[in-house]
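Subject: Structure for your review

Dear colleague,

Please find below the structure that I promised to hand over to you. I would be grateful if you could keep it open while you read the notes that come after it.

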Amino acid sequence: MIEVYNERISNARKEIKNHTRKSNFYSILRLLTIAAGFIAIYQSIQFEKIWLTEITFLLIVILFAWLVKMQSKHVHIKNFHSDLEKINQNEIDCIQKGKNIYPNGSDFIDNGHFYTSDLDIFGEVSLYNLLNRCATKQGNKKLSDWLSSPYKRNKIIERQKAVHELSENMDWRQNFQAKLLFANHSEPDSVKKILLYLKNETTEVSKFLSLYTKFIPLIFVITLGISIFYNQFFILVIVLAIINLFIIQSFESKIDKTETLIGKAGKLLAQFSDAFHLIENKNWESDLNKNLAAKLSDASQKGFFKRLKELSVLISRMELRSGILIGFLLNVSSVWVVRQYIAIEKWKKSNLKVVEAAFNVLTEFEALLSLANLKVNNLNWVFPEISEDENYTLIATQIGHPLISGNQRVVNDFDLENALKIDIVTGSNMAGKSTFLRTLGINSVLALSGSVVCATKMKITPMLIFSYMRIKDSLNENTSTFKAELDRLKLLLDKLSEDSKIYFLIDEMLRGTNSVDKYRGSKAIIEKLIHQKAVGMVATHDLQIAHMEKDHPDYIRNFHFDIEIIKGEMLFDYKLRGGECKTFNASVLLQNLGIHVKNNPQ
């Protein structure tokens, strides 16, 4: 993929160079047009024909406007390819350095959540940092929601198909990303700002005024035409003009406010319009993508892109009032600015809900794109099978931790099929127990969000992951480690009592107490979990916990991570094995510090 991204960067740079050259060319032509224009106007004046000077001036203005338009077009295309270069460079940086220009989700860190803190879902080195390609704040929130709670089986499968379709459309994905890159890290929140503008209180206009503004242009033109033949009608023309100016004056403050607010909203909406156009113009195959795109059209099949164009036209028309001559003529003849004001208020009223719904579609595509991008960057990762088993299923082949680079990642197999089991994992310090628990947990989060997983095969039932790992004391809350552990256990037991399907991951429970109470308490907790038919995995250094398999052979299974000690040096293979651990390394580690541990006399 790095070769693909480098090739795209190279192509983007060629386009940037090409359109920079064209933009500069039109810029030079503009200067030449101005210079030539002065000469042409001067020469036309020599002929002492006003019409010739007027035509010359008009042609120069038209030519200059066309050159400005062409230059702006090439600047816009150049900026687009510049953004394409940035997003492709970002993919390389993400793969090689773990750096991402998109937010890492630090705003969503919640130490009290069921699993996000323990499993590194949000933060600087996190799953979210690996995944996120959302530029809008709403897209970031959408993706965080997907990673913070499991979904129903049908929803997950539907999302998998949408992600798969997006993963096969790299050009569309990158064009969509480039069109939205302007919104990345934007302050304040541009989408929220648009909705606030549109929600600004609208003014009800009387039916009489609506009819008046609708027919006054025709009435004014007819009256003006008649006045050419009958001079007395010119007085009526003056009266109509005064009435029109009076109406405009009475609406002046409202018009100014609307022009300010809707002008800003319109400009922001215009920036998003290309992204909406991409969604609408794509022939989607997956049901989710198809349904999302359909939400951008109403019953008359008027696309949201067309709605935005309508608003853009209304804003442009209102801006005509700033022209000294044209604005004055339009206002006295047709109360022009009031007509546009009424039209904009109607647009706001009829499109507010449509705009909100459209941005929901946009942000969902951002989140789907983030999941699709993960698949593209990891072609050997797979979509898991979402099981309908009555009990718990979590089967994985060659499963590894997605945040560990491929050349360092150690993979394992795990098998829990339609069963109720508590697995005890023992092993030495640094042997891989905690990492394996997090590997199962973080891949389950990916699986239940609709993403690919870091494995060659996986099958899982929809369930809530619950972790008990990084339990810490809190000086601010006057909470000891032991109290924090009890609070976490209570939360787990409360969730289990709700009949939720929960898979727990516990790493060394009751660390905040003495060894005797630790064993007794841990044993009692596991027996309580068995009684409640709970399912999960417990990592521990305490071999006595592993002996519980004798008392509950049908419910408890033992696994371990082993080490090999050769000439006082520890070798880790980080491979999961069946049974309890027999080799420990604490004494070796202490000896390396010059502390010699005596053998147990027994």
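The notes below go through the findings by topic.

Confidence in the model

Please bear in mind that this is a predicted model. The average pLDDT of the protein is 85, and 90% of the residues reach a score of at least 70. One stretch calls for caution: residues 474–478 have a pLDDT below 50, and this stretch makes 1 contact in the model beyond its near neighbours in sequence.

Strand pairing

Strand β5, which covers residues 457–460, takes part in two pairings that I would like to point out. With strand β1 (residues 385–386), β5 pairs in the parallel sense over 2 bridges. Here I386 has I460 of β5 as its bridge partner. With strand β2 (residues 392–399), β5 pairs in the antiparallel sense, over 4 bridges. In β5, K459 is the residue that stands opposite I395. As background for reading such strands, side chains in a regular strand alternate between the two faces of the sheet.

A nonpolar patch on the surface

Which residues make the nonpolar surface patch of about 810 Å²? The patch consists of I228, F229, Y230, F233, I235, L236, V239 and I243. Two elements each give two or more residues to this patch, namely α8 (207–229) and α9 (233–250). The largest share, 5 residues, is supplied by α9. I235 is a good residue to select in the viewer: it belongs to helix α9, and its relative accessible area is 58%, so I235 counts as exposed.

Salt bridges

The count of salt bridges comes to 18. Three of them are described here, beginning with the pair E388 and R153. In this pair the closest N and O atoms are 3.8 Å apart. E388 is located in the loop between β1 and β2, whereas R153 is in helix α5 (residues 153–167), so this salt bridge ties together parts that are 235 residues apart in sequence. Are the two partners buried or exposed? E388 is exposed, because its relative accessible area is 65%, while R153, at 26%, is partly exposed.

The other two salt bridges belong to helix α16 (residues 481–497). In one, D487 is joined to K483, with the closest N and O atoms 2.9 Å apart. D487 and K483 are 4 residues apart within the helix, about one turn. Both residues are partly exposed: D487 has a relative accessible area of 38% and K483 has one of 41%.

In the other, D494 is joined to K490, and the closest N and O atoms are 3.0 Å apart. D494 and K490 also lie 4 residues apart in α16, about one turn of the helix. D494 is partly exposed, with 33% relative accessibility. K490 has a relative accessible area of 51%; the limit for an exposed residue is over 50%, so K490 counts as exposed.

A buried arginine in helix α16

Helix α16 also holds R488. Why does R488 count as buried? Its relative accessible area is 8%, and buried means under 20%. Leaving aside residues up to four places away in sequence, R488 touches N111, G112, H113, F114, Y115, D118, F466, S467, Y468 and I471. One of these, Y468, is 20 residues from R488 along the chain, and the C-alpha atoms of the two are separated by 6.9 Å.

Two residues with a positive phi

Most residues other than glycine have a negative phi. Two residues are worth checking against that background. D120, which is not a glycine, has a positive phi of about 55°. D120 sits in the loop between α2 (50–97) and α3 (127–131). V335, also not a glycine, has a positive phi of about 40°. The position of V335 is in the loop between α13 (324–334) and α14 (336–377). V335 has a relative accessible area of 0%, so V335 is buried.

I hope that these notes help you to find your way through the structure.

Yours sincerely,
Your colleague

Conventions:
Residues are numbered from 1 along each chain as its sequence is written. This is a predicted model: local features need pLDDT of at least 70, side-chain atom pairs count only at pLDDT 80 or more; totals for chains, interfaces and linings use all residues. Side-chain values use heavy atoms; hydrogens and water are left out. pLDDT is the predictor's confidence in each residue, from 0 to 100. Contact means heavy atoms within 4.5 Å. Two strands pair if DSSP finds at least two bridges between them. Patches are made of residues with over 30% relative accessible area and no salt bridge: like charges are joined within 9 Å, nonpolar side chains (Val, Leu, Ile, Met, Phe, Trp, Tyr) within 5 Å. Accessible areas come from the Shrake-Rupley method with a 1.4 Å probe; for residues, only the protein chains shown count as cover. A salt bridge is a side-chain nitrogen of Lys or Arg within 4 Å of a carboxyl oxygen of Asp or Glu. Buried means under 20% relative accessible area, exposed over 50%, partly exposed in between (1.4 Å probe, protein chains only).
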